[in-house]
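Trainee: I would like to take a close look at a single part of a model. Could you guide me through it slowly?

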Amino acid sequence: MEVTPSILTADFSRLGETLEEAIAAGIDWIHMDVMDGNWVVNRTITFGPALIRSVRDRLGSEVTIDCHLMITNAEETWDQYVDAGVDMVIAHIEAVGDFPALIENLHDAGVQAGCVLNPDTPAEDVFPFLQDLDLVLVMSIVPGKGGQQFMPEVEDKVRAFRAAIDAQSAAGGRATKLMIDGGVKDHNAAMIAEWGIDIAVVGSGLINDRGTIAENLAAITAALDE
Ligand code: DX5
Ligand code: ZN
């Protein structure tokens, strides 16, 4: 299982150094959480395309950057994130009317398409267009902020996606990646890896006052190796 940092607990005044520290520790995928002050329940604003552009320019093209759009109008504004240099746009199924059309637009623009579901949204809502998705992201918290408690009740949904994706790729279809986001720490990393997650977003478990990113990542890696 791969790990990608969410930067929400970072000191934004020294974000570039923090991300370079993550890359030096072996990270090659950065997860950028965009909130527009409207869509998430706590009405948080994080950042937009300008910051993502700065991060892309600083880190270069080797690192993968996804943007997790927690915004009301992803269908109209996705191209701003493509212009900012992301490799993948991950939009919420609950916030998009015509998801297949969004996937087509993203693929035509040359970027990967991801779909994210809130904890109470069923996997079945995504199955009709799973074959066209590059990534499915299962939220294991209610989106809005880092540092929340992991919700183990998403296990069945993760396993349902794992089975569907394995069947799809065995039949010659796309090997859609499976990601989880929210409350992932060293103590639950092995469990979610066993569920079949390919990539875990880790925010407060990676960027915190308790250790360096390298130390925190090493603790997660050690837990996975046990
Ligand atoms: C919250 C974001 C998450 C969050 C994860 O809405 O999508 O990426 O920052 O943070 P932790 O790992 O602290 O739960
Ligand atoms: Zn996220």
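Trainee: Is His68 buried or exposed, and what is its relative accessibility?

Mentor: Please keep in mind that this is a predicted model. His68 has a relative accessibility of 0%, and because buried means under 20%, His68 counts as buried. This residue is also part of a metal site, since the zinc ion (ligand 2) is coordinated by His68 through ND1, together with His31 through NE2 and with Asp33 and Asp181 through OD, at 2.0 to 2.3 Å. Around the zinc ion (ligand 2) there are six donor atoms, and the angles they subtend run from 68 to 171°, which makes the arrangement octahedral. For comparison, the ideal angles for six octahedral donors are 90 or 180 degrees.

Along the sequence, the donor residues of the zinc ion (ligand 2) follow the spacing H-x1-D-x34-H-x112-D. His68 belongs to strand 3 (residues 64-70) and Asp181 to strand 7 (residues 177-181), so this pair ties together parts that are 113 residues apart in sequence. Asp181 is buried as well, with a relative accessible area of 7%.

If you then follow the chain to helix 6 (residues 186-195), you will find Asn188 within that helix. Asn188 counts as buried because its relative accessibility is 5%. A polar atom of the Asn188 side chain lies 2.8 Å from the backbone nitrogen of Lys185, and, leaving aside residues up to four places away in sequence, Asn188 touches Phe150 and Gly183.

Terms used:
Residues are numbered from 1 along each chain as its sequence is written. Chains are lettered from A and ligands numbered from 1 in the order in which they are written. This is a predicted model: local features need pLDDT of at least 70, side-chain atom pairs count only at pLDDT 80 or more; totals for chains, interfaces and linings use all residues. Side-chain values use heavy atoms; hydrogens and water are left out. Helices (H or I, at least four residues) and strands (E, at least two) are DSSP runs, numbered from the N terminus. Buried means under 20% relative accessible area, exposed over 50%, partly exposed in between (1.4 Å probe, protein chains only). A polar contact is a pair of N or O atoms within 3.5 Å; within protein, one must be able to donate a hydrogen and the other to accept it, and residues adjacent in sequence count only if both atoms are side-chain atoms. Contact means heavy atoms within 4.5 Å. Donors are N, O and S atoms within 2.8 Å of the metal (3.2 Å for Na, K and Ca); water is not among the atoms, so sites may look incomplete. Four donors count as tetrahedral if all angles lie between 85 and 135 degrees; four count as square planar and six as octahedral if opposite donors are over 155 degrees apart and all others between 65 and 115; anything else is irregular.
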